[in-house]
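Student: Please take a close look at one part of this model. I would like the annotated domain, its residues and its setting in the chain.

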Amino acid sequence: MGKITGFLEYERVDEPYLAVAERLENYKEFTIPLEEKKVKEQGARCMDCGIPFCHSGCPLGNLIPDFNDKVYKGRWKEAAQILHSTNNFPEFTGRLCPAPCEEACVLGINEDPVSIENIEKNIVEKAFEEGWITARPPKSRTDKKVAIIGSGPAGLAAAQQLNRAGHTVTVFERDAKVGGLLRYGIPDFKLEKSIIDRRIAILEEEGITFNTNAHVGQNISIETIKADFDAVVLCGGATERRGIPIKGNHLKGVHQAMDFLKLNNQFVDGLISEDAILSAKDKNVIVIGGGDTGSDCIGTSNRHGAKSVTNFEILSKPSVGRPAHQPWPYWPMRLKTTSSHQEGVERFFSVSTKEFLGDKNGNLSGLKTVEVEWIFNEGQRPELRELPNTEKQWECDMVLLALGFIGSEKTLAEQFGLEMDFRTNIKAATTDYATNVPGIFSAGDMRRGQSLIVWAISEGRQAAHHVDKYLMGSSNLPLKDDNDLPRI
């Protein structure tokens, strides 16, 4: 695949960024695209490795060596067809995926892996630029109607696949615009919302109906959904945020990260005024949580003009290289330094927050922490121990809780009469994505718990196959390991 000696001739090259001072002036994407020649060279690095472990690393089963080869040869349209045969929205994954495929790349055993994610992004952007991605409504319609609840990546993928099967699909979104966390959780500097809008326009042309400000279970009754649709797919995400049950968590200035990010995205989109956001301007900000959401809070705080930004992570500092107990091709838990970290933050690991401190008016003024260590005993859960004499007090005006999610909201499950698992996710088997109520299915984070965008798309595609089979007795919609239907 690619050029047979390409991995020996070319080194990995990633997209450069605009200078920090320049990109902090706005919320636009700040990557600088590579020249087409450079992208072809990156495709040429894909080895004739025999067994492409990148396939198993990718939750979608993307045909990575195949589209790398087409890019190297300049056959971009074929590359786009191959890419879209397994991935409905490569413009999202090409920007936001942590690229487990790259960690599974055979070249990555002893060299930098192939830059699969960036190649993917270049393929889809080339396809949009050339006009190859157009609406393709089904040639005929069935008499079946499907309701998709939730318009994140899982809901959108399920909707497009079921629409391709000829069913009449309606997507219900409780917010003002479509996209779920793609729109309201991911900052614009990582995904400009015009990228979502151009894809939604195509889905609408293909015949999918989007109902916004439509909160099923509140302003749209469960009875209406049951009466009007032959099948329902719940794709509402894992939206129950994890809190921190310590003294002072009620103080003004302690905020959930998703509230902070959503309001800022609404401001950037022109839906609310700047006065309505949770501003970090001139504040000492502490972000608790070291994942992607915490990183997004750091980047947003710096764009607000925060006085200082500090990041706490309760886990130990990961190694820079691949840990010995997480060998290739498994996903390694190693230190991740994002573009937001590079924009300005002081990071601390093995730190636990003990108490929030406030003034007499109920405003946050600081917090107390203690250093911790993790004790690992074989066959037992890791034990967290506080280190004596390590208590410390920190001054801060704003705390952002980026602690992840603990499952899906219970209201829909209760109203539909659905079972939930021990993690408060909708209980639906991977074999068919069906719940305990006939005709109701679930996919994405609402079924599997907090996860990746690429997993959400995969879940939506898989669920669509089983919904179609439930409605029609059989289905031609592809499953993960099917390599047919090379269409845009």
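Tutor: What follows goes from the whole chain to the domain and then to single residues.

This is a predicted model, where local features need pLDDT of at least 70, side-chain atom pairs count only at pLDDT 80 or more, and totals for chains, interfaces and linings use all residues. Residues are numbered from 1 along each chain as its sequence is written, and side-chain values use heavy atoms, with hydrogens and water left out.

Start with the chain. Its secondary structure comes to 19 helices and 16 strands; helices (H or I, at least four residues) and strands (E, at least two) are DSSP runs, numbered from the N terminus. The radius of gyration is 23 Å, close to the 23 Å that the globule rule gives for 488 residues, so the chain is as compact as a globular protein of that length. That radius is taken over C-alpha atoms, and the rule is 2.2 Å times the number of residues to the power 0.38. Of the 488 residues, 52% count as buried. Buried means under 20% relative accessible area, exposed over 50%, and partly exposed in between (1.4 Å probe, protein chains only).

Now the domain. UniProt, in an unreviewed entry, places "domain: FAD/NAD(P)-binding" at residues 144–460. UniProt positions are given in the numbering used here, feature names are shortened, and annotations may be inferred rather than shown by experiment. The span 144–460 is 26% helix and 24% strand. Its end C-alpha atoms lie 18 Å apart.

Take glutamine 160. It lies in helix H10 (residues 153–164). Glutamine 160 has a relative accessible area of 2%, so it is buried. Leaving aside neighbours within four places in sequence, glutamine 160 is in contact (heavy atoms within 4.5 Å) with Asn88, Phe89, Leu203, Glu206 and Ile208.

Next, lysine 226. Helix H13 (residues 222–228) holds lysine 226. Its relative accessible area is 47%, so lysine 226 is partly exposed. With neighbours within four places in sequence set aside, lysine 226 is in contact with Gln415 and Phe416. Lysine 226 and alanine 159 are 67 residues apart in sequence, and their C-alpha atoms are 18 Å apart in space.

Last, isoleucine 314. Its place is in the loop between strand S8 (308–313) and helix H16 (339–342). Isoleucine 314 counts as partly exposed because its relative accessibility is 32%.
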